[in-house]
Amino acid sequence: MKTAIIGAGNMGGSIARGLAKGTIIPANDIIVSNPTQSKLDVLKAEFPALQTTRDNQEAVTGAELIILAVKPWLMKSVVSELKLKSKQILISVAAGIPFEELAHYVADKEMTMFRLIPNTAISEMESMTLISSRNASKEQEQLLLDIFNQMGLAMLIPEEKIAAATAMTSCGIAYVLKYIQAAMQAGIEMGIYPKDGMRMIAQSVKGAAELILNNDTHPSVEIDKVCTPGGITIKGINELEHRGFSSAIINAIKASK
Ligand SMILES: NC(=O)c1ccc[n+]([C@@H]2O[C@H](COP(=O)([O-])OP(=O)(O)OC[C@H]3O[C@@H](n4cnc5c(N)ncnc54)[C@H](OP(=O)(O)O)[C@@H]3O)[C@@H](O)[C@H]2O)c1
């Protein structure tokens, strides 16, 4: 399935790498387009089978899937210049550009479109990827889920929930990193070297996530297991609540919507 990726930046480059490592689209079916040649050269050096070009139209001609990974403010000019066929599937990674607006940039307003919001962990094949569809068949939706489930976890949601879910996932990854940073600071004060602390906390966060993702459980259940009555963990948990930890997270995510 020929797939064009327009833009080889953080997102486009990570998606190209993820696709090339995956099993659904062979690397020689992927063509990446970008103005700066050096970004294409880096990709080509990593995946020699992958095709590259500086001509967006060359990339999309004959492609079944077209992934748009340019900055939101460039989307209008980039998409409007493309000669697209109705049967092609347009996939936009641009945050904040609704289907309604994207449809203005293409000749066939009814063409199949997807909006895709990965987070930066896509470079580790551990993205939480949000997907919304417009005029797509169940098979097309499943194809997108299959592709992006190979790069972490993908979930299909209605477009009106994208902003809220983006705050929780794309922005949310920064809040988790902020927790790691703060916990490292505590460790340093208590004599733990920053590099050691960083690995300790990162593995603890990864472990917490695995507990939730791999089991039919809930954060409260897992927290209860750690909180012995009269023990040290409940002292810390209560301190977090006295300091407004839950409120701070709720407000941060709502502020990012
Ligand atoms: N970063 C995130 O966490 C995140 C999450 C979800 C969605 N997104 C979305 O992903 C999109 C890309 O973001 P990014 O972080 O990957 O930005 P980025 O690193 O700046 O990448 C954008 C790429 O687009 C290329 N480009 C510029 N003009 C172009 C044109 N006319 N034709 C083809 N390519 C062109 C740029 O190339 P040059 O450098 O050569 O100019 C650059 O490589 C944005 O719309 C953003 O909203 C980002």
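Is Glu46 buried, partly exposed or exposed, and what is its relative accessible area? Glu46 is partly exposed, with a relative accessible area of 40%. That value falls in between the two cut-offs, because buried means under 20% and exposed means over 50%. The structure here is a predicted model. The points below start with the whole chain, then turn to single helices and residues.

**The whole chain**

- The protein chain holds 12 helices and eight strands.
- Its C-alpha trace spans about 65 × 40 × 30 Å along the principal axes.
- The chain has 257 residues, and 37% of them count as buried.
- About 14,700 Å² of the protein chain is exposed. Carbon and sulfur atoms supply 58% of that area.
- Take the contacts between residues at least 6 apart in sequence. Of these, 58% join residues at least 24 apart.

**Two domains**

- The chain is divided into domain 1, residues 3–159, and domain 2, residues 172–255.
- The C-alpha centres of domain 1 and domain 2 lie 34 Å apart.
- Glu189 is in helix α8, which covers residues 172–189.
- Glu189 counts as exposed because its relative accessible area is 76%.
- Glu189 and His104 are 85 residues apart along the chain. Their C-alpha atoms are separated by 55 Å.

**Helix α6**

- Helix α6 runs over residues 138–149, which makes 12 residues.
- How far should helix α6 span at 1.5 Å a residue? The expected span is 16 Å. The end C-alpha atoms are 16 Å apart, so the model agrees with the expectation.
- Several residues of α6 are buried: Glu141, Leu143, Leu144, Leu145, Ile147 and Phe148.
- Which elements do the buried residues of α6 pack against? One is a helix, α1 (10–21). The others are the strands β4 (65–68), β5 (89–92), β6 (113–117), β7 (127–134) and β8 (152–156).

**Salt bridges**

- Side chains of opposite charge can pair when their charged atoms come close.
- How many salt bridges does a search of the whole structure find? The search finds five. Three of the pairs are described here, beginning with Glu46 and Arg17.
- Glu46 forms a salt bridge with Arg17, and their closest N and O atoms are 2.9 Å apart. This pair links distant parts of the chain. Glu46 sits in helix α2 (residues 37–46) and Arg17 in helix α1, 29 residues apart.
- Arg17 is partly exposed, because its relative accessible area is 24%. Glu46 is partly exposed too, at 40%.
- Lys138 forms a salt bridge with Glu141, with the closest N and O atoms 3.6 Å apart.
- Why are Lys138 and Glu141 separated by about one helical turn? They are three residues apart in helix α6, so the gap between them is about one turn.
- The general rule is that an α-helix has 3.6 residues a turn, so residues three or four places apart point the same way.
- Lys138 and Glu141 fall in opposite classes of exposure. Lys138 counts as exposed because its relative accessibility is 64%. Glu141 counts as buried because its value is 10%.
- Glu239 pairs with Arg243 in another salt bridge, where the closest N and O atoms are 2.9 Å apart.
- Glu239 is partly exposed, with a relative accessible area of 35%. Arg243 counts as exposed, at 69%.

**A nonpolar surface patch**

- Which residues make a nonpolar surface patch of about 340 Å²? The patch is made by Tyr179, Leu240, Phe245 and Ile249.
- Ile249 is in helix α12, which covers residues 245–256.
- Ile249 counts as partly exposed because its relative accessibility is 34%.

**Positive phi angles**

- Most residues other than glycine have a negative phi. Two residues with positive values follow.
- Met125 is not a glycine, yet its phi is positive, at about 60 degrees. Met125 lies in the loop between β6 and β7.
- Asn135 also has a positive phi, near 55 degrees. Asn135 is found in the loop between β7 and α6.
- Is Asn135 buried, partly exposed or exposed? Asn135 counts as partly exposed, because its relative accessibility is 41%.

Methods: Residues are numbered from 1 along each chain as its sequence is written. This is a predicted model: local features need pLDDT of at least 70, side-chain atom pairs count only at pLDDT 80 or more; totals for chains, interfaces and linings use all residues. Side-chain values use heavy atoms; hydrogens and water are left out. Patches are made of residues with over 30% relative accessible area and no salt bridge: like charges are joined within 9 Å, nonpolar side chains (Val, Leu, Ile, Met, Phe, Trp, Tyr) within 5 Å. Accessible areas come from the Shrake-Rupley method with a 1.4 Å probe; for residues, only the protein chains shown count as cover. A salt bridge is a side-chain nitrogen of Lys or Arg within 4 Å of a carboxyl oxygen of Asp or Glu. Helices (H or I, at least four residues) and strands (E, at least two) are DSSP runs, numbered from the N terminus. Buried means under 20% relative accessible area, exposed over 50%, partly exposed in between (1.4 Å probe, protein chains only). The expected span of a helix is 1.5 Å times one less than its number of residues. Contact means heavy atoms within 4.5 Å. Domain bounds come from an automatic or database domain assignment.
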